[in-house]
Amino acid sequence: MPTILITGCSSGFGLETAKLFLARGWDVIATMRTPNEDLLPASEHLRILALDVTKPDSIAQAVQAAGHIDVLVNNAGFGAPSPIELTAPETVEALFQTNTIGTLSMVQAVLPQMRQRRSGVVVNVTSTVTVKTLPVVGIYRASKAAVNAFTESLALEMQPFGVRVHIVLPGRSPETNFGVNARPHLRGMDDPDYAPLLQQFVKNVQDDTVPVTHASDVAAAIWKAATDPSAPLRIPGGKDAELWMAEAGW
Ligand SMILES: NC(=O)c1ccc[n+]([C@@H]2O[C@H](COP(=O)([O-])OP(=O)(O)OC[C@H]3O[C@@H](n4cnc5c(N)ncnc54)[C@H](OP(=O)(O)O)[C@@H]3O)[C@@H](O)[C@H]2O)c1
């Protein structure tokens, strides 16, 4: 069976994707910043490795320990809802280090073996916030749009070598820890100029009358990327993602 390595498997889309591939008999390397053996069913097809995508040593060790990787899924990431003016420099840096450079570093670490074998699949998880111009998520959006941009070029570069490259764009998912992990980075609620924008943002993310993305939708989109050679470069990760992407002509 093929081997898939997934980043950010401690919760949300990464964990759900690891479960799906395990259930379908794949060899799964579930990576986490803090390895936790209790999150996934014990299996001879499962390996759990420590991996922080912002740490070059951690990347080198995990990729070395992983060995053969058929499919790489760059899922690790976080959000920071904040008006651009109020976003702390360390938050800007952390967003790009994790979402953009973390993804790029993983690609650079795993690509040589795929290129040499003339086979493999890279799946980078970005977001539908890259599809629409929205306030309050500007820096997060930029960190993910940068991934879209280099992934599109990578797809062209890898075409002659038989390595497929895809972008999975999830919509808004209240099912994961994304909101909880973003909350400490929320800025502007106490600023009279920005508060209305933030309040509208919070209202939008709590709106349960519109379609949302389920973790299973994202796992299914990653399954499609991994297994269907005719899958498009950009794959929506949920019902809302499908609507947004269709509206934008993506
Ligand atoms: N949920 C949404 O609405 C949504 C929408 C569009 C796109 N996305 C994207 O989907 C991906 C998964 O998010 P999610 O919704 O599943 O959220 P989540 O439940 O918070 O999962 C994020 C995962 O990334 C990991 N992570 C964060 N920083 C890391 C680092 N430096 N190194 C390795 N792992 C790290 C987290 O690990 P820890 O437990 O150690 O923090 C966690 O496992 C992210 O890239 C996110 O930007 C989410």
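**View 1. Seven strands form an open sheet in this predicted model.** The strand order is S3-S2-S1-S4-S5-S6-S7. The pairing is parallel. Strand S3 (46-50) and strand S7 (234-236) are the edge strands. Each of these two pairs on one side only. Neighbouring strands of the sheet are turned against each other by 20 degrees on average, direction ignored.

**View 2. Strand S2 meets strand S3.** S2 covers residues 27-32. Five bridges join S2 to S3, and the two run parallel. One bridge can be picked out by residue: Val28 has Leu46 in S3 as its partner. In general, strands of a sheet pair through backbone hydrogen bonds.

**View 3. Helices H4 and H7 pack on the sheet.** Helix H4 spans residues 138-158. H4 touches strand S5 (120-125), strand S6 (163-169) and S7. The direction of H4 makes about 160 degrees with that of S6. Helix H7 spans residues 215-227. H7 touches strand S4 (71-74), S5, S6 and S7. Its direction makes about 165 degrees with that of S6.

**View 4. Ser10 sits in a loop.** The loop lies between strand S1 (3-6) and helix H1 (12-23). Ser10 has a relative accessible area of 42%. That value falls between the cut-offs of 20% and 50%, so Ser10 counts as partly exposed. Leaving aside neighbours within four places in sequence, Ser10 is in contact with Leu15, Met32 and Leu39. Pro35 is 25 residues from Ser10 in sequence. In space, the two are 7.7 Å apart, C-alpha to C-alpha.

Definitions and conventions: Residues are numbered from 1 along each chain as its sequence is written. This is a predicted model: local features need pLDDT of at least 70, side-chain atom pairs count only at pLDDT 80 or more; totals for chains, interfaces and linings use all residues. Side-chain values use heavy atoms; hydrogens and water are left out. Two strands pair if DSSP finds at least two bridges between them. Helices (H or I, at least four residues) and strands (E, at least two) are DSSP runs, numbered from the N terminus. Axes are lines fitted to C-alpha atoms, for helices over the stretch in contact, and angles run from 0 to 180 degrees between N-to-C directions. Contact means heavy atoms within 4.5 Å. Buried means under 20% relative accessible area, exposed over 50%, partly exposed in between (1.4 Å probe, protein chains only).
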